[in-house]
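Student: Please take a close look at one part of this structure, the packing around a single helix and the loop that follows. I would like the geometry and the contacts in one connected account.

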Amino acid sequence: MSQTLDPATEGEAIEAVPLRHPVRWISAAIVIALVVLFLYGAATNEAFAWDVYWQYLFDKRISSGALTTIELTVLSMVIAIVLGVVLAVMRLSPNPVLGSVAWVYLWIFRGTPVYVQLVFWGLFPSLYKTIDLGIPFGTQFAHIDIQSLNEPFLFAMIGLALNEAAYMAEIVRAGVGSVGEGQMEASTALGMSWSKTMRRTVLPQAMRVIIPPTGNELISMLKTTSLVTAIPLSTELYGRARDISGSNFQPVPLLMVAATWYLAITSVLMIGQYYLERYYSKGISRQLTGKQLQALADAEGKPVVIAPQVEGGPDIPGGERK
């Protein structure tokens with residue numbers, strides 16, 4: 001039985017009433033109230049010593065410590081990335097010796113705490129007085145006096161880099177594993193060697209998988225630098241804040257100063273990570289740009305009209321939507 005529509009009401013707009021969510025608003029109000037109460041309690045609590053906090057927030061010793069932290073983070077991360085790529089290639093290599101050495105390296109550095117490793121590097125000058133490089137019982141190429149090289153910053157950088165390289169190797173290996181086997185087969189068919197295939201074909205495509213966790217590891221490395229007091233190195237951010245709090249007996253405001261600087265630096269790193277991820281994810285986005293639409297239209301010999309985006313599917317050349 002067919003239903004006859006009234007011409008007077010046909011085509012009238014339907015008034016859509018959104019659903020009410022009282023529980024959502026109540027929970028939001030409770031959370032906001034708790035946050036306000038916490039901020040008010042912290043602002044009125046004399047134990048936080050806000051005057052000391054503002055006094056040392058931009059102190060030269062704190063800012064120089066933050067600069068040392070950034071330098072230590074960047075240098076250690078660069079070494080870790082290079083060494084991590086080498087270790088990942090060794091693990092993926094068909095050579096069993098290289099694969100076994102890489103596995104043992106990852107087993108040791110991932111299985112021991114980074115603080116313990118840094119303590120070891122702090123004791124390295126007492127374990128090895130000198131290092132001689134050359135042919136055994138023959139020509140000596142280099143002689144390094146570890147006692148005269150007793151530089152905490154150098155050993156902190158080496159300790160952090162060697163530890164981070166183990167994690168970067170697994171990240172790179174996972175990124176390489178995400179590339180289809182057809183890419184390897186196509187490169188082999190073109191006559192590329194295994195190493196050239198890794199450099200030219202696999203690693204560039206694996207970057208979109210490698211970049212996000214690498215950004216997270218960089219931020220984690222920044223915070224891990226606070227552990228270099230085990231070497232001991234006290235010229236970085238946390239070491240400076242700890243030294244100042246040891247002289248004025250105000251640990252809470254100095255810890256908050258250090259935390260503020262850590263938050264500021266990590267926020268900058270997170271912004272950079274966002275844009276870097278967006279750059280390397282261009283090839284996997286389904287949203288076509290204006291240039292891509294124009295190229296498709298030119299290939300078909302049709303004019304292109306880019307319509308505004310609405311719910312229902314992506315734009316296609318010609319402005320039509322199916």
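**Helix α9 and the loop after it**

Tutor: α8 passes α9 in a right-handed crossing. Before going further into that pair, some context: the model is predicted, with an average pLDDT of 82 and 83% of the residues at 70 or above. Residues 310–322 have a pLDDT below 50, and this stretch still has 23 contacts in the model beyond near neighbours in sequence. The protein has 12 helices and two strands, in the order α-α-α-α-α-α-β-β-α-α-α-α-α-α from the N terminus. Of its 322 residues, 29% are buried. Among contacts with a separation of 6 or more, 65% join residues 24 or more positions apart.

Now the helix pairs. Two packed helices are described by the angle between their axes and the distance between the axes. Helix α8 covers residues 181–189 and helix α9 covers residues 194–224; they pack at an angle of about 140°, with their axes 10 Å apart. Because angles over 145 degrees are needed for roughly antiparallel, this angle makes α8 oblique to α9. From α8, the residues Gln183, Met184 and Ser187 take part in the contact, and they meet Trp194, Thr197, Thr201, Val202 and Gln205 of α9. By type, the residues of this contact are three nonpolar, five polar and no charged.

Helix α7, residues 152–177, also packs against α9 at an angle of about 140°, here with the axes 8 Å apart. α7 and α9 are therefore oblique to each other, and the crossing of α7 past α9 is right-handed. On the α7 side the contact is made by Leu160, Glu164, Tyr167, Met168, Ile171, Val172, Gly175 and Val176. On the α9 side the residues met include Met198, Val202, Leu203, Ala206, Val209 and Ile210, and further along Pro213, Thr214, Glu217, Met221 and Thr224. The residues of the α7 contact with α9 divide into 14 nonpolar, three polar and two charged. Val202 of α9 is listed in the contact with α8 and also in the contact with α7.

Beyond α9 comes the loop leading to α10 (237–248), and alanine 230 lies in this loop. Alanine 230 counts as buried because its relative accessibility is 14%, and the limit for buried is under 20%. Leaving out residues up to four places away in sequence, alanine 230 touches Tyr115, Leu118 and Val119. The C-alpha atoms of alanine 230 and leucine 118 are 6.0 Å apart, although 112 residues separate the two along the chain.

Proline 232 lies in the loop between α9 and α10 as well. The peptide bond into proline 232 from isoleucine 231 is cis, with omega near 5°. Most residues other than glycine have a negative phi, and most peptide bonds are trans.

Positive phi values also turn up in other loops. After α10, phenylalanine 249 sits in the loop before α11 (251–280), and its phi is near 60° although the residue is not glycine. Phenylalanine 249 counts as exposed, at 69% relative accessibility. Alanine 49, in the loop between α1 (22–44) and α2 (50–56), has a positive phi of about 50°. Alanine 49 is buried, with a relative accessible area of 9%.

Methods
Residues numbered from 1 in each chain as written. Predicted model: local features only at pLDDT ≥ 70, side-chain atom pairs only at ≥ 80, totals over all residues. Heavy atoms only, no water. Axes fitted to C-alpha atoms, helices over the stretch in contact; angles between N-to-C directions. Helix = DSSP H or I, 4+ residues; strand = E, 2+ residues; numbered from the N terminus. Parallel < 35°, antiparallel > 145°, perpendicular 65-115°, else oblique. Left-handed = near helix turned anticlockwise from the far one by under 90°. Contact = heavy atoms within 4.5 Å. Nonpolar A, V, L, I, M, F, W, Y, C, P; charged D, E, K, R; others polar. pLDDT = per-residue confidence, 0-100. Buried < 20%, exposed > 50% of the residue type's maximum accessible area, 1.4 Å probe, protein only.
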